[in-house]
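Trainee: I am new to this structure and would like to understand the reasons behind the words used for it. Could we take them one at a time?

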Amino acid sequence: MNKPLKRLALKLLVGVCALLFVAGGCTPAAPDSGDSTDGNKPALTGDAAAFDGLKFEIDPDLDLGGKEMTVAVWGSVPGAGSTKYDRRYTLYDRTAAKYNVKIKWIASNMSTFAQDYVLAYTSGDFYADVMFCPSYNGYDVAKLPGALVALDDYIDYSNGRYKGIADTLMYVDGKHYSYMPNEMTANSLGYTVTYNTTILQAHGCADPYELYQQGKWDWDAFTEIVRQTTTIRDGVTTCYGVGGSNLLDALLLSNGASVIQMNTKTNKFECGLYSDAGNRTLQTLKTLIYDVKGVDPWYGNDNSILNFKDSKLAMIVGPQYYGGNFITIGMPIMTVPLPKGPDIDHYVNGLQMAEWWVLPSISNFTPEQVLQVSFDAIRNDPEFEDTYISPEDRRQDFIIQTYDENSLNTEEEAGFFYDYITSDEVETILGITNNDIKSLMKQNVWVSLAEGEDPRTLLERVKPVIDTALINMLPDAYK
């Protein structure tokens, strides 16, 4: 069956509820991902589920007098010609009528959002009543005191709605400045390893997916495939074993740590490389980059995509949106989770970023009003068949979305990854970073490893530089 026919067949399985509420960011949701706050309790639906986790009393007679509530998002807004967000707009239109409020959607500039909002706030200007941003922008904005509303007085983050994800919504001061819809989207999938099956077969490599099924997909197996597939002729590398774009961050996550980690006890950011897991990660990277010479030089950007498309890489590590670059041109690929690191006993779903919804401190509404409208607008109520997604349909819905968006090559892969990222045996870790940190790692860590410097010596040498960068991520009060 060709892909369009497969897609149609999948859609027919879930009817008109094919698309989840998505807003362009990552949503590492809890395993039940929606209507239930406890796996041992009946699924909640309607208003009970919509407002579960809010600390304040909901006003059932809320009437906002026809005022305009502005929602700033990345991606499509109504009238942009996209059908991807139809469910979102249907839900918000229903909520707007219920509370007598007008919803105005505005598209934020993805590349300058943090700067644009900070400029508006410091000038005392209104930007929006509620905003979407990825976590790395959220950290940049949260460090400006007063720029965002701390939500701990309004939302109970110990509630099952936030199972497993509360820490990804927290800033280093221990407060939560964001909330997120508790639905599963394609972006819930973190870094994965995509491999060219033709190249691996030509070099007699074990299949990574089969290794995973056997419980043998670990760093040793990963390193061996890099060794086998790296091809150097007359001093020129014609095929690297793996791309470097995300390799440092992803391998560290697969070993249970992150380049940047929060310490909410000391109100500081810390570098995960200064740990046993971090040191072992750098030792392995040195082996791959310097000894094997099996990694292309493109850490910190997406250029490894080009090498993989040209069959100059056997494997590439990347976030879910990488898949569309290869699937749409018919490359012979498969995708597997990150290999298990040696310092942990479980697999990791390592997220590049998390989805944050934040409340600006300058608003036309109270936080309670914005949150009541926002939570109502993600209400998954069986009373409304055009937007309801049943718990049993969620897995199939995820399959449709990842397949439609070319995140994964087959519906079998999509089903596997849904089970993977919702498994209690898989840990979700958010990789905290930004462009400044990636540049620092490129110049002070990656290049030095490529030149053969010992990781321990390297870390001692660059520690002052890294410490300064981490301090610059903090509010002035914590420096």
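Mentor: Let us begin with a pair of helices: the axes of helix H8 (residues 219–229) and helix H10 (residues 276–291) come within 11 Å and cross at roughly 15 degrees. The axes are lines fitted to C-alpha atoms, for helices over the stretch in contact, and the angles run from 0 to 180 degrees between N-to-C directions. Helices (H or I, at least four residues) and strands (E, at least two) are DSSP runs, numbered from the N terminus.

Trainee: Why are H8 and H10 called roughly parallel to each other?

Mentor: Angles under 35 degrees count as roughly parallel, those over 145 as roughly antiparallel, those from 65 to 115 as roughly perpendicular, and the rest as oblique. The angle here is roughly 15 degrees, and H8 and H10 are therefore roughly parallel. Their crossing is right-handed, a word used when the near helix is turned clockwise from the far one by less than a right angle, whereas anticlockwise gives left-handed.

Trainee: Which residues of H8 and H10 make the contact?

Mentor: Trp219, Phe222, Thr223, Val226 and Arg227 take part from H8, and Arg280, Thr281, Thr284, Thr287 and Leu288 from H10; contact means heavy atoms within 4.5 Å.

Trainee: What kind of model are we looking at, and how are its residues numbered?

Mentor: This is a predicted model, in which local features need pLDDT of at least 70 and side-chain atom pairs count only at pLDDT 80 or more, while totals for chains, interfaces and linings use all residues. Residues are numbered from 1 along each chain as its sequence is written, and side-chain values use heavy atoms, with hydrogens and water left out. The pLDDT is the predictor's confidence in each residue, from 0 to 100; the chain averages 87, and 88% of the residues score at least 70. Over residues 4–45, however, the pLDDT is below 50, although this stretch has 129 contacts in the model beyond near neighbours in sequence.

Trainee: What makes H16 roughly antiparallel to H17?

Mentor: H16 and helix H17 (residues 455–472) pack at an angle of about 165 degrees, with their axes 10 Å apart. That angle makes H16 roughly antiparallel to H17, and the crossing of the two is right-handed. Among the residues that meet there are Ile437, Leu440 and Asn444 in H16 and Leu458, Val462 and Val465 in H17.

Trainee: Why is Asn444 counted as buried?

Mentor: Buried means under 20% relative accessible area, exposed means over 50%, and partly exposed lies in between (1.4 Å probe, protein chains only). Asn444 has 18% relative accessibility, so it counts as buried. Asn444 lies in H16, which spans residues 435–450, and, leaving aside neighbours within four places in sequence, Asn444 is in contact with Leu458, Arg461, Val462 and Val465.

Trainee: Is Met262, in strand E7 (residues 260–263), buried or partly exposed?

Mentor: At 23% relative accessibility, Met262 counts as partly exposed. Met262 and Val172 are 90 residues apart in sequence, yet their C-alpha atoms are 5.5 Å apart in space. Not counting residues up to four places away in sequence, Met262 touches several residues, including Tyr139, Asp167, Val172 and Ile432.

Trainee: What accessibility makes Leu253 count as buried?

Mentor: Leu253, which is found in helix H9 (residues 247–254), counts as buried because its relative accessibility is 1%. Outside its neighbours within four places in sequence, the contacts of Leu253 include Tyr191, Val348, Leu351 and Ile429.

Trainee: How do you know that Cys239 and Cys205 are too far apart for a bond?

Mentor: A disulfide is a pair of cysteine sulfur atoms within 2.5 Å. The sulfur of Cys239 is 9.5 Å from the closest cysteine sulfur, which is in Cys205, so this pair is too far apart for a bond. A search of the whole structure finds zero disulfides. Cys239 is itself buried, because its relative accessible area is 6%.

Trainee: What is notable about the phi of Ser311?

Mentor: Ser311 has a positive phi of about 60 degrees although it is not a glycine. Ser311 sits in the loop between helix H11 (304–309) and strand E9 (313–318), and its relative accessible area of 36% makes it partly exposed.
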